[in-house]
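Reader: Hey, could you walk me through this protein? I'm new to reading structures, so plain words please.
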Amino acid sequence: MGHYCRKVGLHAGLWRSSFHSIHLQYTGVVAFTKQSGVTKCCCNSKLLDFCGRLSSISRANKQKHVFKKNPNAHIWGKRPKVVGGKLLASGYWGITRHCNYLGDLLLALSFSLPCGASSVIPFFYPIYLLILLVWRERRDEARCSQKYKEVWAEYCKLVPWRILPFVY
């Protein structure tokens with residue numbers, strides 16, 4: 001059962017879906033009360049920020065999907081860099097090895113920022129997600145290292161950042 005849960009993401013999916021809905025309800029109430037001091041302009045800019053971050057996750061996943069279907073398809077107007085004939089090192093995937101995780105983290109943060117810094121409660125979900133995704137990233141790294149062996153080591157040299165460029 002444990003392997004099946006990992007395959008379909010149940011261990012993260014159930015917690016994230018319930019925690020995420022509670023977080024959205026709380027941040028929505030806090031952000032739109034008069035005590036938070038959040039202006040309509042701030043909320044609109046966070047909405048645009050949210051759409052941009054969601055779009056970046058979608059574009060990163062689309063790059064990987066297009067590469068799997070056609071390894072010669074251009075990414076950002078150039079032929080893709082490919083490591084060992086298997087791993088994409090262009091576009092978002094040439095910046096960080098888990099760029100989709102960065103998008104998830106930034107998206108979670110975009111829900112919390114309109115609440116301001118008066119309470120840590122709105123930031124519980126992004127903090128939880130950071131812990132979950134770093135833990136997941138480390139498991140992914142170990143699995144990919146086993147699966148791709150020296151190709152993975154070469155990919156890691158080419159794309160040194162795991163989630164956040166120039167930091168981690």
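Reader: Let's start with one residue: is arginine 162 buried, exposed or partly exposed?
Author: Arginine 162 counts as partly exposed, because its relative accessibility is 26%. Buried means under 20% relative accessible area, exposed means over 50%, and partly exposed is in between (1.4 Å probe, protein chains only).

Reader: OK, and before I trust any of this, where do the numbers come from?
Author: This is a predicted model, where local features need pLDDT of at least 70, side-chain atom pairs count only at pLDDT 80 or more, and totals for chains, interfaces and linings use all residues. Residues are numbered from 1 along each chain as its sequence is written, and side-chain values use heavy atoms, with hydrogens and water left out.

Reader: Cool. Which residue does arginine 162 meet in a salt bridge?
Author: Its partner is glutamate 137, at 2.9 Å from N to O. A salt bridge here is a side-chain nitrogen of Lys or Arg within 4 Å of a carboxyl oxygen of Asp or Glu. The two sit in distant parts of the chain, 25 residues apart: arginine 162 is in the segment after helix H6 (150-158), and glutamate 137 is in helix H5.

Reader: And glutamate 137, buried or exposed?
Author: Glutamate 137 is buried, since its relative accessible area is 0%.

Reader: How many salt bridges are there by that rule?
Author: The count comes to 3. Another one joins the side chains of arginine 97 and glutamate 141, at 3.0 Å from N to O. Arginine 97 is in the loop between strand E2 (87-88) and helix H4 (99-112) and glutamate 141 is in helix H5 (residues 124-148), so this pair ties together parts that are 44 residues apart in sequence. Both arginine 97 and glutamate 141 are buried.

Reader: What about aspartate 140, who's its partner?
Author: Aspartate 140 pairs with arginine 143, and their closest N and O atoms are 3.4 Å apart. Both lie in helix H5, 3 residues apart, which is about one turn of the helix.

Reader: How do those two compare on burial?
Author: Aspartate 140 counts as buried at 12% relative accessibility, while arginine 143 counts as partly exposed at 48%.

Reader: Let me zoom out. How many helices and strands does the protein chain have?
Author: There are 6 helices and 2 strands, and along the sequence the pattern runs α-α-α-β-β-α-α-α. Helices (H or I, at least four residues) and strands (E, at least two) are DSSP runs, numbered from the N terminus.

Reader: How much of the chain is buried?
Author: Of its 168 residues, 35% count as buried.

Reader: Tell me about H4, then. Why is it called largely enclosed?
Author: Because 10 of its 14 residues are buried, H4 is largely enclosed by the rest of the structure. Among the buried ones are Cys99, Tyr101, Leu105 and Ser112.

Reader: What span should H4 have?
Author: At 1.5 Å a residue, its 14 residues should span 20 Å, and its end C-alpha atoms are 20 Å apart, which agrees. The expected span is 1.5 Å times one less than the number of residues.

Reader: Last one: where is serine 90?
Author: Serine 90 lies in the loop between E2 and H4 and is buried, with a relative accessible area of 9%. A polar atom of its side chain lies 2.5 Å from the backbone nitrogen of lysine 81.

Reader: What else is serine 90 in contact with?
Author: Leaving aside neighbours within four places in sequence, its contacts (heavy atoms within 4.5 Å) include Gln63, Ile75, Arg79 and Pro80.

Note on methods. A polar contact is a pair of N or O atoms within 3.5 Å; within protein, one must be able to donate a hydrogen and the other to accept it, and residues adjacent in sequence count only if both atoms are side-chain atoms.
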